[in-house]
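Thanks for asking me to look through this one with you. Here are my notes, set out point by point so that you can follow them alongside the structure.

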Amino acid sequence: MSSNVLAALLGWLLALVIFCGFIVLLRYLDHRERMALIERGLDLESLQRRSHSRRTLRAGLITMMVGLALTFGLYPLGFMLPSALTAAPFHLGPWLLPGLIPLGVGAALVASYYLEQDGQPPRDRQRPRPPLLSPPESERSEHNSP
């Protein structure tokens, strides 16, 4: 195996390790956040709804930026290919699809995040929350006396 092929394989392996490490780090941070909320007795249901919305926005932004980077990276192919294939204006062609598809999917996810925010009222306002602390003994005895 030549050194160029070996370097390319090591580069891909390193990129895969970094990507998987990032996913593991995000899961660990999410776990720590959930455990801290449980220790404090906070409502996990509202956190899950907000977290789902934030994940949709995060996924949309990441997908959109990857699509944009791929589109910019593939655009120079229009200048390298024969002129018979690049007859479209601005050297656009089907080689841009691997970038334009994730760009569109990411834009749809970001749009759904903002549309979802307006469509659903917050559930915190729909039902009253129970008090965190019980009233002191002096207040309880005042309410019970005739």
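1. A word on helices to begin with: they are DSSP runs of at least four residues, numbered from the N terminus. With that in hand, Thr56 can be placed in helix α2. Please keep in mind throughout that this is a predicted model.

2. The overall fold is easy to describe. The chain has 5 helices and 0 strands, and its pattern along the sequence reads α-α-α-α-α. Among contacts between residues at least 6 apart in sequence, 63% join residues at least 24 apart.

3. Next, burial and surface. Of the 146 residues in the chain, 14% are buried. The chain exposes about 11,800 Å², and carbon and sulfur atoms supply 68% of that area.

4. Which residues form a nonpolar patch on the surface? They are Leu6, Leu10, Leu13, Leu16, Val17, Phe19 and Ile23, with about 670 Å² of accessible area together. Val17 is a handy member to look at: this residue is found in helix α1. Its relative accessibility is 51%, and the cut-off for exposed is over 50%, so Val17 counts as exposed.

5. On charged pairs, the count comes to 1 salt bridge. Arg55 forms this bridge with Asp30, and the closest N and O atoms are 3.7 Å apart. Why is the pair worth a look in terms of sequence? Arg55 lies in helix α2 (residues 44-74) and Asp30 in helix α1 (residues 3-40), so the bridge ties together parts that are 25 residues apart in sequence.

6. Are the two partners of that bridge buried or exposed? Neither label fits fully: Arg55 is partly exposed, with a relative accessible area of 44%. Asp30 is also classed as partly exposed, at 24% relative accessibility.

7. Let us return to Thr56 in helix α2. Thr56 has 16% relative accessibility and counts as buried, because the cut-off for that label is under 20%. Leaving aside neighbours within four places in sequence, Thr56 is in contact with Leu109, Ser112 and Tyr113.

8. Tyr113 leads on to the aromatic rings. How many aromatic pairs does the structure hold? There is 1 aromatic pair. The partners are Tyr113 and Tyr114, and their arrangement is edge-to-face, at 4.9 Å centre to centre with 75 degrees between the planes. Tyr113, a contact of Thr56, counts as buried at 16% relative accessibility.

9. Further along helix α2 sits Thr71, and I would spend a little time on this residue. Thr71 is buried, at 12% relative accessibility. A polar atom of the Thr71 side chain lies 2.7 Å from the backbone oxygen of Gly67. The side chain of Thr71 also reaches the backbone nitrogen of Leu100, at 3.4 Å.

10. What does Thr71 touch, not counting residues up to four places away in sequence? The answer is Leu96, Gly99 and Leu100. Leu100 therefore appears here as a contact and, in the previous point, as the residue whose backbone nitrogen is reached by the Thr71 side chain.

11. Gly67, the residue whose backbone oxygen lies by the Thr71 side chain at 2.7 Å, is itself in helix α2. Gly67 is buried, with 0% relative accessibility. Setting aside neighbours within four places in sequence, Gly67 is in contact with Gly99, Pro102 and Leu103. The C-alpha atoms of Gly67 and Ala107 are separated by 9.8 Å, and these residues are 40 apart along the chain.

12. Leu68 also has its place in helix α2. Leu68 is partly exposed, with a relative accessible area of 30%. Beyond neighbours within four places in sequence, Leu68 is in contact with Gly99 and Leu103. Its C-alpha atom is separated by 9.5 Å from that of Gly104, a residue 36 away along the chain.

13. A last remark to tie the points on helix α2 together. Gly99 turns up in the contacts of Thr71, of Gly67 and of Leu68. Leu103 is in contact with Gly67 and with Leu68. Those are the spots I would open in the viewer.

Terms used: Residues numbered from 1 in each chain as written. Predicted model: local features only at pLDDT ≥ 70, side-chain atom pairs only at ≥ 80, totals over all residues. Heavy atoms only, no water. Salt bridge = Lys/Arg side-chain N within 4 Å of Asp/Glu carboxyl O. Helix = DSSP H or I, 4+ residues; strand = E, 2+ residues; numbered from the N terminus. Buried < 20%, exposed > 50% of the residue type's maximum accessible area, 1.4 Å probe, protein only. Contact = heavy atoms within 4.5 Å. Areas by Shrake-Rupley, 256 points an atom, 1.4 Å probe, with all protein chains shown as cover. Patch = residues over 30% accessible without salt bridge, like charges linked within 9 Å, V, L, I, M, F, W, Y side chains within 5 Å. Phe/Tyr/Trp six-rings, centres within 6.5 Å; stacked < 30°, edge-to-face > 60°. Polar contact = N/O pair within 3.5 Å; in protein donor to acceptor, adjacent residues only side chain to side chain.
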